[in-house]
Amino acid sequence: MSLILYNSLTRRKEEFVPLSPGRALVYVCGPTVYNRPHIGNARPAVIFDVMVRLLREHYKVTYVRNITDIDDKINNAAAELDEDISTVAARHTAHYHLDMEALGVLPPDIEPYATHHVQDMIDMILLLINKGHAYQSEGHVLFRVNSFQDYGKLSGREIENLLDGARVEVAGYKEEPGDFVLWKPSSGSQPGWDSPWGRGRPGWHIECSAMAYKHLGQTIDIHGGGNDLIFPHHENEIAQSVCAHDGVEFSKYWLHNGFVNIDYSKMSKSVGNVVLVNDLLKEAPGEVVRVALLSAHYRHPLDWNENVLIQARKKLDRLYNALSGVSGWEDNWRDCEPNDEVVNALNDDLNTPRALAALFDIARAINRHNDVDEKVKLARILRSSAELIGLLSSDPTHWIENQVNPNLSEEVQLLIDKRNIARDQQDFVLADRIRDELEEHGVIIEDGPNGVRWRFQND
């Protein structure tokens, strides 16, 4: 089955056909580093990590994910803390890297920083001015939206409707209210660079266009990000990139993930319901958070509540328990082809819930099979298939031994602990009685060569 992706630009599923055979160019908008990453920042990082893992099975991939370290939000955060802007950006870039690594997100091939590409942005702005798509006014340079007839194509709305209700700055230096900033003047306390228009700094949108062009060329295969970036960020990226390069297409496929809501409400700093990844990592391993993020289709909203991590932990426990009951699969699992159902699910627009369901099917087959060789084969398939979505990278025995399982009541957990003590003291009558009691709670205890493992009765 070919890779099928939903293209936000055409609003339909399409077969992925790269511009160059055997090669895939991917750009994903990275974080603006003014705060620790929240769960909404983590979702695109995890989703597009899965996509790139899948692409690498068949293509030579160049994956670019930027760091936005020039932004007014960073300036404001630095002013509040009375710190240098570069200090704030560096600290939260490090936080982002640590948190994403904990979630199993592999680093991109190229991670450009906006501060390292200011001259590239200036060069692109000069091109736009020379072609009549941008103009200088009172120290600013603005993109002339009316000069690009396809403006609004990604959003699927007319310019007037796009601007209606949007946070569009009305300023006297603009020809039209919808014209957006490519360059703005900087005060003495703000970061600034010398330019033909005076000391200033780039606007947000031009940053990604310039960095994508620098590292991937005029046209890329896939551009990704969250739904909130469709307008104005990605709409503006298309306009300035296409106009700077004489009408050449900027990106062939556009992918956008849905929002993460908190108890069915929009996550907002003003509401006070922002969930930081760092706080979640104090509650559960990063792999559990990753499963939670993959539990809904990437294009759909993901509702985050107190049960999400509990359910995700239960799912991971089932998979690790299946692996921990088998010996001999560890050495050659990388030579094993992933399960067809897992691959087909991912090829169908990155359907991670369906892929997870296929992993559970394999785990059930391992638990129910009696043939040792078949169990080893299935365990290798499970591990190989899980790698495609970045799961089961821990040692199963270590995982089981160190788990604090929130799905078991305190009573059940206490029974398991008592049974372990009874077995250590060779009180097998008590151990068997506790086993029977655990079965009443739907928990199956299995004593094997790798130690004691448990699973739920319906696994």
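Here are four short exercises, each with a worked solution, on the predicted model shown above.

**Exercise 1. The whole protein**

Describe the overall dimensions and make-up of the protein.

*Solution.* Start with the outline: along the principal axes, the C-alpha atoms fill a box of roughly 85 × 50 × 35 Å. Next, take the secondary structure, which comprises 16 helices and 15 strands. Then look at burial: of the 459 residues, 53% are buried. The accessible surface is about 21000 Å², and carbon and sulfur atoms contribute 46% of that area. Turn to the contacts with a separation of 6 or more; 75% of these link residues 24 or more positions apart. Finish with charge: there are 47 positive and 69 negative charges, and their mean positions lie 2 Å apart.

**Exercise 2. Helix H13**

Check the length of helix H13 against its expected span, then work out what surrounds the helix.

*Solution.* First, count residues: H13 runs over residues 372-387, which gives 16. The expected span is 1.5 Å times one less than that number, so H13 should span 22 Å. The end C-alpha atoms are 23 Å apart, in agreement with the expectation.

Second, look at the start of the helix, where a side-chain oxygen of aspartate 371 comes within 3.2 Å of the backbone nitrogen of aspartate 373.

Third, list the buried positions: Lys375, Val376, Leu378, Ala379, Ile381, Leu382, Arg383, Ser384, Ser385 and Ala386. A useful reminder here is that an α-helix has 3.6 residues a turn, so residues three or four places apart point the same way. Finally, find the cover: helices H10 (308-324), H11 (340-347) and H12 (352-368) are among the elements over the buried residues of H13.

**Exercise 3. Histidine 233**

Is histidine 233 buried or exposed, and which residues does histidine 233 touch?

*Solution.* Begin by locating histidine 233 in helix H7, residues 230-244. Its relative accessible area is 1%; the cut-off for burial is under 20%, so histidine 233 is buried. Now leave out residues up to four places away in sequence: histidine 233 touches Cys29, Trp204, His205 and Cys208. With histidine 205 there is also a side-chain to side-chain polar contact of 3.0 Å.

**Exercise 4. Arginine 23**

Classify the exposure of arginine 23 and place the residue in the structure.

*Solution.* Arginine 23 belongs to strand E3, residues 23-28. Its relative accessibility is 41%; since partly exposed lies between 20% and 50%, arginine 23 counts as partly exposed. Beyond neighbours within four places in sequence, its contacts are Pro18, Tyr59, Lys60, Thr62 and Asp221. As a last step, compare with H13: lysine 375, buried in that helix, is 352 residues from arginine 23 along the chain, and their C-alpha atoms are separated by 37 Å.

Methods
Residues are numbered from 1 along each chain as its sequence is written. This is a predicted model: local features need pLDDT of at least 70, side-chain atom pairs count only at pLDDT 80 or more; totals for chains, interfaces and linings use all residues. Side-chain values use heavy atoms; hydrogens and water are left out. Helices (H or I, at least four residues) and strands (E, at least two) are DSSP runs, numbered from the N terminus. Buried means under 20% relative accessible area, exposed over 50%, partly exposed in between (1.4 Å probe, protein chains only). Contact means heavy atoms within 4.5 Å. A polar contact is a pair of N or O atoms within 3.5 Å; within protein, one must be able to donate a hydrogen and the other to accept it, and residues adjacent in sequence count only if both atoms are side-chain atoms. Accessible areas come from the Shrake-Rupley method with a 1.4 Å probe; for residues, only the protein chains shown count as cover. Lys and Arg count as positive and Asp and Glu as negative; His and the chain ends are not counted. The place of a charge is taken as NZ of Lys, CZ of Arg, CG of Asp or CD of Glu.
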